[in-house]
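Me: I'd like a close look at one single part of this model. Could you pick one helix and take me through its surroundings in one connected answer?

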Amino acid sequence: MAAALGLDLQPGDECISIGTSGVASTVSVSSVHDGTGLVTGFADATGRYLPLSCTLNGAKVLDFAARTLGVDHNGLSELALRGEPDAHGVTLLPYFDRERTPNRPDATGVFRGLTTDTTREDIARATVEGILCSMRDAMVALENATQQDTNRVLLIGGGAKSKAIRHIAPAIFGVDVLVPESGEYVAMGAARQAAWVLSCQTLPPAWATAGTPHHYTAEPDHDTVARYEELRDLTEGW
């Protein structure tokens, strides 16, 4: 709630945080109820609502891939960016430590499409695409629950430090991606809420954006998303 205020999140924005797990959230002027259980309804810090969807597998999947490929996180990012979009048909379902979006309590990670020609670049690219596709599932769940389209994504968290994540994200999400300047947005939001209380105003003041966000665009990669969704649906019940 405090981070949403710190980021000045507005309806139509989705905040996607890639940490150990992944969190997608947005703000809504109406209360949100989701019978599927994928979206949890919270209140935000301004009197609106903050529906939220979480995954269990976020940046720790990058840790796994970097360790497996024998590189650091910068090396993993470089490999992924050298790889072709769609990773020559390699797809990762990143449910390594089970999953909650969707509800897969017994799931494990799945690579599909491996051949003897598969390269390290393919593995790295598929890893980044798999994490982002998983976060896209959370994003779509929010869109369905709120009945509002996503206009842009604000990407934060440790995973947002990955150059590959930042550059590939708009192709997977299908909208522009903004990466705010690194900052303590939870603390900033809490300070803003305190300042608002002291101002005795009914509505929160208009605050200037903290720094200039980095803006990333790309053509939507429908093929990669479709291949991921096919694997996700194929493994339901595994």
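Reply: Happy to: what follows goes around helix α4 (residues 120-146), one neighbour at a time.

This is a predicted model, in which local features need pLDDT of at least 70 and side-chain atom pairs count only at pLDDT 80 or more, while totals for chains, interfaces and linings use all residues. Numbering starts from 1 along each chain as its sequence is written, and side-chain values use heavy atoms, with hydrogens and water left out.

Let's start with helix α2 (residues 59-69), whose axis comes within 10 Å of that of α4, with a crossing angle of roughly 175°. (Helices, H or I with at least four residues, and strands, E with at least two, are DSSP runs numbered from the N terminus; axes are lines fitted to C-alpha atoms, for helices over the stretch in contact, with angles from 0 to 180 degrees between N-to-C directions.) The two helices are therefore roughly antiparallel (over 145 degrees). From α2, Val61, Leu62, Ala65 and Leu69 meet Arg120, Ile123, Ala124, Thr127, Val128 and Ile131 of α4; contact means heavy atoms within 4.5 Å. Eight of the residues in this contact are nonpolar, one is polar and one is charged. (Ala, Val, Leu, Ile, Met, Phe, Trp, Tyr, Cys and Pro count as nonpolar, Asp, Glu, Lys and Arg as charged, and the others, Gly among them, as polar.)

Next comes helix α3 (residues 73-82), whose axis reaches within 7 Å of that of α4 and crosses at roughly 100°. That makes α3 roughly perpendicular to α4 (65 to 115 degrees). Here Leu76, Leu79, Ala80, Leu81 and Arg82 of α3 touch Arg120, Glu121, Ala124, Arg125 and Val128 of α4. This contact has six nonpolar and four charged residues, with no polar ones. Arg120, Ala124 and Val128 take part in the contact with α2 and also in the one with α3.

Now for the sheet. It is open, has six strands in the order β3-β2-β1-β8-β9-β10, and its pairing is mixed (strands pair if DSSP finds at least two bridges between them). β3 (52-55) and β10 (214-216) are its edge strands, each pairing on one side only. On average, neighbouring strands are turned by 20° against each other, direction ignored. α4 packs on this sheet, where it touches β1 (13-18), β2, β3 and β8 (152-156), and its direction makes about 145° with that of β1.

Among the strands that α4 touches, β1 and β2 run antiparallel, joined by four bridges, and form a hairpin with three residues between them. Ile18 stands opposite Gly22 of β2, and Gly22 in turn has Thr55 of β3 as a bridge partner. β2 (residues 22-25) also pairs with β3 in the antiparallel sense, over four bridges, one of which links Val23 to Cys54.

Finally, α4 borders an enclosed space. The whole structure has one cavity of 30 Å³ or more, and the largest cavity holds about 40 Å³. (On a 1 Å grid over the protein atoms alone, a cavity is a set of points where a 1.4 Å probe fits but cannot get out, and lining residues have an atom within 4 Å of a point; points join across faces, edges and corners, and volume is the space filled by probe spheres set on them.) Its lining consists of Val90, Thr91, Leu92, Ala126, Glu129, Gly130, Cys133, Thr224, Arg227 and Tyr228. β4 (91-93), α4 and α7 (222-234) each supply at least two of these residues, with the largest share, four residues, coming from α4. By class, the lining has five nonpolar, three polar and two charged residues.

Methods
Angles under 35 degrees count as roughly parallel, over 145 as roughly antiparallel, 65 to 115 as roughly perpendicular and the rest as oblique. On a 1 Å grid over the protein atoms alone, a cavity is a set of points where a 1.4 Å probe fits but cannot get out, and a pocket is an open set with protein on both sides within 12 Å along at least five of seven lines; lining residues have an atom within 4 Å of a point.
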